[in-house]
Amino acid sequence: MRPILLKGHERCYNKEGDLLFTCAKDHHPTLWYSDDGERVGTYIGHNGAVWTCDVTEDSKTLVTGSADTTCKMWDTETGTCYFTHQFEQPVRAVALSKGDQHMVISSDPFMGVPAALHIVDVAANREEQTNEIKISMSGPEGRINRALWGPLNRTILTGGEDGVIRLWDVETGKIVHEANDHKKQIQHLSLSVDKTHFISASLDKTAKLFDSETLECLKTYAADRPVNAAILSPILDHIILGGGQDAMAVTTTHSKAGKFDSKIFYKIYEEEIGGIRGHFGPINALAWHPDGRSFTSGGEDGYVRIHHFDNDYFRIK
């Protein structure tokens, strides 16, 4: 494997996989070519850390959520911000629905106001975009770190600080199911291609596989460090975990520094296959290329590494 190094962390591919979007604490989301890591451009406009991003299926619009209390919508080609959704609290997670007609935005708890989910329509004509919120849903204790659209856009999956995974009904705004399988904060959620199941990553040093409709826990993958991100291969029964002890935890516990490699597991057997080294700090984000032949990892060291699998990987039995 010959990794390509980029600066930044938190990332998403477009549908075709030729473009990679990254965001980080430096306020500036960035666009790269995924095959060679060439930087295409930077989106200027946020005034705080950018926690999350998503891109429409036609690759024309990038959406980002930031600690500056805004969710911005960008023209991916020109870099122009054509609309800003303004909130009173920091924006932690954003996700576009299948078909890109709706978007869910999570806002952090702040000044006595609880964490909340907000659903807005995405206008086909950019000039008609509004800040009108169709429905807001609140209730969880602490931040909502991740929000994903479930099958057929009928539900939204969330995970956050309280360690509870919730399934929300989009029409009623009510919680349909809850899963309390994790013991600590949930850092990341990632859906399978067919959306029938998803994987979670938690600071309790596990990743877990769940059914998307019932929230039944199907598999558990045990790690030897806090898990910040977990992703499912689009072509093989493999998963990748990433995480590590942050500097503060290392100085206040008996944990040893290091352990910043990505771990590959069999999805079905829950067994570790191998690991990929390279980062010098905790891994905060992972994304699998849509063709399944490479993945990216973003770390606290400020780098995004694009890892292209060699042919030996696909011969693993």
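**Figure 1. Salt bridge between Asp121 and Lys134.** The structure holds 14 salt bridges, and the model in which they occur is a predicted one. One of the pairs consists of Asp121 and Lys134, whose closest N and O atoms lie 3.8 Å apart. Distant parts of the chain are linked by this pair, since Asp121 belongs to strand 12 (residues 116–121) and Lys134 to strand 13 (residues 133–138), 13 residues apart. Asp121 is partly exposed, because its relative accessible area is 38%.

**Figure 2. Salt bridge between Glu178 and Arg166.** The side chains of Arg166 and Glu178 form a salt bridge with an N to O distance of 3.2 Å. Glu178 is located in strand 17 (residues 175–179) and Arg166 in strand 16 (residues 165–169); the two residues are 12 residues apart, and the pair links distant parts of the chain. Glu178 is partly exposed, with a relative accessible area of 43%, whereas Arg166 counts as buried at 9% relative accessibility.

**Figure 3. Salt bridge between Lys267 and Asp237, with a salt-bridge network.** Lys267 and Asp237 meet through their side chains in a salt bridge of 3.7 Å, N to O. Both partners are loop residues: Lys267 lies between strand 24 (262–266) and strand 25 (272–276), and Asp237 between strand 22 (227–232) and strand 23 (238–243). The pair, 30 residues apart, links distant parts of the chain. Lys267 is buried, its relative accessible area being 12%, while Asp237 is partly exposed at 43% relative accessibility. In addition, Asp224, Arg225, Asp261, Lys263 and Glu272 are joined into one network by salt bridges that share partners.

**Figure 4. Surroundings of Lys72, a buried lysine.** Lys72 is part of strand 8 (residues 70–75). Lys72 has no salt bridge although it is buried, and the nearest side chain of opposite charge, that of Asp68, is 5.6 Å away. A salt bridge requires a separation within 4 Å, so the distance of 5.6 Å to Asp68 does not qualify. The side chain of Lys72 does make a polar contact of 3.0 Å with that of Thr84. When residues up to four places away in sequence are not counted, Lys72 touches Gly45, His46, Leu62, Val63, Thr64, Cys81, Phe83 and Thr84.

**Figure 5. The largest nonpolar core and a separate core.** The largest nonpolar core comprises 13 residues, of which Val104, Leu117, Ile119, Met137, Ala147, Trp149 and Ile156 touch the most other members. At least two residues of this core are supplied by each of strand 10 (91–96), strand 12 and strand 14 (144–149). Strand 14 provides the largest share, namely 3 residues. Ala147 is in contact with Ala93, Ala95, Val104, Leu117, Ile156, Leu157 and Thr158, residues up to four places away in sequence being left out. Apart from this core lies another, of 12 residues, which includes Cys71, Met73, Phe83 and Ile105.

**Figure 6. Hairpin of strand 20 and strand 21.** Strand 20 (residues 206–211) pairs with strand 21 (residues 217–222) in the antiparallel sense, over 5 bridges. Within this pairing, Leu209 stands opposite Lys219 of strand 21. The hairpin has 5 residues between the strands, and Leu215 adopts a positive phi near 65° in it.

How values were computed: Residues are numbered from 1 along each chain as its sequence is written. This is a predicted model: local features need pLDDT of at least 70, side-chain atom pairs count only at pLDDT 80 or more; totals for chains, interfaces and linings use all residues. Side-chain values use heavy atoms; hydrogens and water are left out. Two strands pair if DSSP finds at least two bridges between them. Helices (H or I, at least four residues) and strands (E, at least two) are DSSP runs, numbered from the N terminus. Buried means under 20% relative accessible area, exposed over 50%, partly exposed in between (1.4 Å probe, protein chains only). Lys and Arg count as positive and Asp and Glu as negative; His and the chain ends are not counted. A polar contact is a pair of N or O atoms within 3.5 Å; within protein, one must be able to donate a hydrogen and the other to accept it, and residues adjacent in sequence count only if both atoms are side-chain atoms. Contact means heavy atoms within 4.5 Å. A nonpolar core is a set of buried Ala, Val, Leu, Ile, Met, Phe, Trp, Tyr and Cys residues joined through side-chain atoms within 4.5 Å.
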